[in-house]
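Visitor: Could you take me on a close look at a single part of this model? I'd love to see how its helices and strands fit together there.

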Amino acid sequence: MKKTWIYAMLLLLCLSITACFEDQDDNTIANTDIKDFVWKGLNLWYFWQNDVPDLADDRFSNAQEYATFLDSYSTPDALFDNLLFNEDRFSWIVDDYFTLNNALNGISKSNGMEFGLGTINGGPDVFGAVQYILPNTSASSSTLQRGMLFLTVDGVQLTESNFGGLLFADNDTYTIGLAELDSTNNLVLTGETVTLTKQVYEENPVLISNTFTVDGIKVGYLMYNRFTSNFDQQLNDAFGTFVAEGVQDLVLDLRYNPGGSVGSAINLSSMISGEPTSNLFLKQRWNDKIQAALSDEDVSRNFVDQLSDGTAINTLNLNKVYILAQGTSASASELVINGLTPYMDVIHIGNTTRGKNEFSITLYDSPDCAYSCTTGINPSHTWAMQPLVGKNENADGFYQYEAGLQPTILLEETVSNYGVLGQQDEPLLARAIQHLTGNGRFGTTTEASSKFRINKSSNLQTLTRDNMYLDSDDIPNIFK
């Protein structure tokens with residue numbers, strides 16, 4: 001009863017700011033429905049609502065002032081951008097929530113080539129490096145392999161100013177010009193080209209799952225490239241194989257994983273650790289308005305022993321895990337590292353992670369459920385928002401890693417020696433094997449060549465980018 005009352009008060013506060021406006025002027029705000037939704041949704045949910053003066057509950061004294069404010073912005077996204085807090089690096093808005101929902105479920109257009117981009121000697125020229133190939137795609141049927149380099153798209157040299165339009169625009173087909181390092185360590189075109197075509201593709205984030213024995217130790221290796229709840233069963237199946245084969249040590253490869261579902265991160269962490277369901281995995285921090293309406297139970301998420309459909313989780317019950325992570329590892333990937341750290345020895349091999357600890361939810365123009373559900377959506381438009389609405393702290397209360405999580409063992413990938421993913425001599429996996437067998441010096445570091453250092457990833461150029469989000473069934477019940 002108390003929660004229902006609090007919810008009603010919150011929603012009333014959000015709606016009453018403008019509810020009386022329509023009766024005061026014949027020129028209502030109906031023609032600015034989308035901008036009205038943007039302001040109200042952010043006013044209620046946005047993590048930094050208290051820090052943005054234009055989102056204050058008492059910002060407008062009358063209907064005309066509110067309408068004038070909305071009309072001062074030419075488009076909904078212009079309004080949205082101007083309402084963001086200056087520390088917010090990750091919130092965004094879209095004009096097509098169907099495409100957004102597909103992307104959150106792992107469905108988007110892809111040609112199957114995932115790659116990194118870097119400048120040559122500080123720019124302006126840019127090169128690409130193939131990092132992995134998705135199965136059953138245009139790239140998988142080509143000659144492309146991990147570690148191949150390219151310089152051109154459709155015959156045009158990639159630069160800092162044109163790579164976005166050449167590689168990430170609406171063109172479904174493009175041709176890359178392959179390159180190689182010559183004897184003087186310069187990149188030169190080989191004359192070979194590869195044409196790639198995008199198609200609608202549903203990506204299984206469990207890219208590689210295998211086991212091997214080294215020095216009598218059974219090791220499991222899992223390359224997991226996005227936290228997508230639709231594939232939690234496939235993730236659980238991989239751990240079922242690990243359990244059946246008696247895996248003693250796990251190497252979890254998150255080096256290219258930009259994040260995704262918080263629920264999937266909790267599931268994965270539970271599969272690794274086997275912590276009892278009474279143990280806290282994370283505690284959420286919302287804005288003051290939302291936090292006041294939630295109990296400690298509402299903001300706490302414990303380890304789990306089953307998936308959302310009731311399937312029992314397969315767990316390794318480990319007290320140590322090796323995680324390969326670097327600058328392209330973000331949000332839910334960092335959540336796994338941070339959430340497991342209070343309970344076990346987390347050996348992070350790679351480089352500093354991206355530093356994204358804020359989670360988001362999808363907001364639709366559905367005021368009857370506080371904009372957090374897909375029922376009763378305003379049929380006149382398809383805009384949706386993905387604003388940051390909170391931060392996660394681990395069981396020790398730690399959450400401030402905006403500068404990224406530092407590696408236990410620094411080891412950068414180098415374009416001259418990418419290795420084959422999943423094979424024991426691949427540099428990052430080999431370093432984990434050295435450590436777990438005791439045959440390597442702890443803390444060994446290497447430095448990638450500054451001439452060809454990767455600083456962008458194709459995974460981070462997608463619609464969902466490095467988003468960490470709550471699935472709809474994990475949004476607090478009082479707002480449904």
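Guide: Happy to; here is a walk through one sheet and the helices around it. Please keep in mind that this is a predicted model.

Let's start with the sheet itself. Six strands make up an open sheet with mixed pairing, and their order is β10-β11-β12-β16-β17-β22. The edges are taken by β10 (206-214) and β22 (409-410); each has a single partner strand, so one side of each has no neighbour in the sheet. Further in, strand β12 (residues 249-253) runs parallel to strand β16 (residues 320-325), and three bridges join them. If you look at Asp253, its bridge partner in β16 is Leu324.

Now for the helices that lie across these strands. Helix α7 (residues 232-244) lies across β10, β11 (217-224) and β12, at about 170° to β11. Helix α11 lies across β12, β16 and β17 (345-350), and runs at about 155° to β16.

α11 (residues 332-340) also packs against another helix, α8 (residues 262-273): their axes are 9 Å apart and meet at an angle of about 40°. With that angle, α8 and α11 are therefore oblique to each other. The crossing of α8 past α11 is right-handed.

Which residues in α8 and α11 meet? From α8 come Val262, Ala265, Leu268, Ser269, Ile272 and Ser273, while α11 brings Ala332, Leu335, Val336 and Leu340. Sorted by class, this contact of α8 with α11 has eight nonpolar residues, two polar ones and no charged ones.

Key: Residues are numbered from 1 along each chain as its sequence is written. This is a predicted model: local features need pLDDT of at least 70, side-chain atom pairs count only at pLDDT 80 or more; totals for chains, interfaces and linings use all residues. Side-chain values use heavy atoms; hydrogens and water are left out. Axes are lines fitted to C-alpha atoms, for helices over the stretch in contact, and angles run from 0 to 180 degrees between N-to-C directions. Helices (H or I, at least four residues) and strands (E, at least two) are DSSP runs, numbered from the N terminus. Angles under 35 degrees count as roughly parallel, over 145 as roughly antiparallel, 65 to 115 as roughly perpendicular and the rest as oblique. A crossing is left-handed if the near helix is turned anticlockwise from the far one by less than a right angle, and right-handed if clockwise. Contact means heavy atoms within 4.5 Å. Ala, Val, Leu, Ile, Met, Phe, Trp, Tyr, Cys and Pro count as nonpolar, Asp, Glu, Lys and Arg as charged, and the others, Gly among them, as polar. Two strands pair if DSSP finds at least two bridges between them.
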